[in-house]
Structures are given as structure tokens and as C-alpha cells.
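Notebook open, coffee poured. I want to look up how the pieces of this chain pack and where a few residues sit.

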Amino acid sequence: MSESNFQELAKKVDNQLRQSERQMFNGKKDEAVALYLEAAGLFDQAREADPANAQVKTLEQKLSKLKKDLEKRIGGPIG
């Protein structure tokens, strides 16, 4: 996978995470979880494509934080 494709994928992951967070704050928990799970799937693709990329760690941290926040809001584990 080329660097530009990785960057495009990383941008999609980041956008999905922001949308998920917005939905969570708007009280739309089901939509937030669905967007989170979609972002997690895209992240896995990005990590497989270029595991050494510096953005992988940043995105991983964002995913982890959002997962904790979502689990706290819905009162249980997700994906």
C-alpha cells in the first residue's frame, strides 16, 4: 500500500472517530458504537498496511480513549 493510500485510510479513521464522538455527545449511543466499530475496522486495515507509521500509535490511542468513553456511557463493553 502506498503512503498516500495509508494517509487516506488514516484520515477516514480519524473522521469516523470524530463522528462517533459527536454522536456519543448527542446521546445517539447506537450510532456512536456503529461508527466506532467501523473506524476500528479501518484502523486494522491501516495498521496491517504500514505498522511502522507514526500515525498508527496516535490513532490507536484515540480508539482506546473513545472506546473507554463509549463503554462508560453505555454501561458495558462494546466490540
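Where does leucine 37 lie? I looked it up in what is a predicted model, and leucine 37 is in helix 2.

**Entry 1: leucine 37**

I checked the accessibility next. Leucine 37 comes out at 39% relative accessibility, so it counts as partly exposed. I then looked along the chain for a partner far off in sequence. Isoleucine 78 is 41 residues away from leucine 37, yet their C-alpha atoms are 8.5 Å apart in space. I also tried valine 56, which is 19 residues from leucine 37 in sequence, and there the C-alpha atoms are 17 Å apart.

**Entry 2: helix 2 itself**

I measured nothing here, just read off the computed span. Helix 2 has 21 residues and runs 30 Å from its first C-alpha to its last, close to the 30 Å expected at 1.5 Å a residue. Its buried residues are Ala32, Val33, Leu35, Tyr36, Ala39, Ala40, Leu42, Phe43 and Ala46. I noted the general rule that an α-helix has 3.6 residues a turn, so residues three or four places apart point the same way. What covers the buried residues of helix 2 includes helix 1 and helix 3.

**Entry 3: helix 1 itself**

Helix 1 has 23 residues and reaches 33 Å from first C-alpha to last, close to the 33 Å expected at 1.5 Å a residue. I listed its buried residues as Phe6, Leu9, Ala10, Val13, Asp14, Gln16, Leu17, Ser20 and Met24. They pack against helix 2 and helix 3. Just after helix 1, I found glycine 27 with a positive phi of about 85°.

**Entry 4: two charged residues of helix 1**

Aspartate 14 is in helix 1. Is aspartate 14 buried or exposed? Its relative accessible area is 17%, and the cut-off for buried is under 20%, so aspartate 14 is buried. Not counting residues up to four places away in sequence, aspartate 14 touches Leu59 and Lys62.

Lysine 11 also has its place in helix 1. I get a relative accessible area of 59% for lysine 11, which makes it exposed. I took one long distance from there: lysine 11 and glycine 76 are 65 residues apart along the chain, with their C-alpha atoms separated by 28 Å.

**Entry 5: helix 1 with helix 2**

In general, two packed helices are described by the angle between their axes and the distance between the axes. I used that for each pair.

The axes of helix 1 and helix 2 come within 8 Å and cross at roughly 165°. Helix 1 and helix 2 are therefore roughly antiparallel. Helix 1 passes helix 2 in a left-handed crossing. On the helix 1 side the contact includes Phe6, Leu9, Val13, Leu17 and Met24, and on the helix 2 side it includes Ala32, Leu35, Tyr36, Ala39, Leu42 and Phe43. I sorted the contact residues of this pair by class and got 12 nonpolar, 5 polar and 3 charged.

**Entry 6: helix 1 with helix 3**

Here the axes come within 11 Å and cross at roughly 20°. Helix 1 and helix 3 are therefore roughly parallel. This crossing of helix 1 and helix 3 is left-handed. Phe6, Ala10, Asp14 and Leu17 are among the helix 1 residues in the contact, and Val56, Leu59, Lys62 and Leu63 are among those from helix 3. By class, the contact of helix 1 with helix 3 has 11 nonpolar, 3 polar and 5 charged residues.

**Entry 7: helix 2 with helix 3**

The axes of helix 2 and helix 3 come within 11 Å and cross at roughly 155°. Helix 2 and helix 3 are therefore roughly antiparallel. I read their crossing as left-handed. The contact includes Val33, Tyr36, Ala40 and Phe43 of helix 2, with Val56, Leu63, Leu66 and Leu70 among the residues from helix 3. I count 12 nonpolar, no polar and 5 charged residues in the contact of helix 2 with helix 3.

**Entry 8: back to valine 56**

Valine 56 lies in helix 3. Which residues does valine 56 contact, leaving aside its neighbours within four places in sequence? I find Phe6, Phe43, Arg47, Asp50 and Pro51. Valine 56 is buried, with a relative accessible area of 7%.

Technical notes
Residues are numbered from 1 along each chain as its sequence is written. This is a predicted model: local features need pLDDT of at least 70, side-chain atom pairs count only at pLDDT 80 or more; totals for chains, interfaces and linings use all residues. Side-chain values use heavy atoms; hydrogens and water are left out. Axes are lines fitted to C-alpha atoms, for helices over the stretch in contact, and angles run from 0 to 180 degrees between N-to-C directions. Helices (H or I, at least four residues) and strands (E, at least two) are DSSP runs, numbered from the N terminus. Angles under 35 degrees count as roughly parallel, over 145 as roughly antiparallel, 65 to 115 as roughly perpendicular and the rest as oblique. A crossing is left-handed if the near helix is turned anticlockwise from the far one by less than a right angle, and right-handed if clockwise. Contact means heavy atoms within 4.5 Å. Ala, Val, Leu, Ile, Met, Phe, Trp, Tyr, Cys and Pro count as nonpolar, Asp, Glu, Lys and Arg as charged, and the others, Gly among them, as polar. The expected span of a helix is 1.5 Å times one less than its number of residues. Buried means under 20% relative accessible area, exposed over 50%, partly exposed in between (1.4 Å probe, protein chains only).
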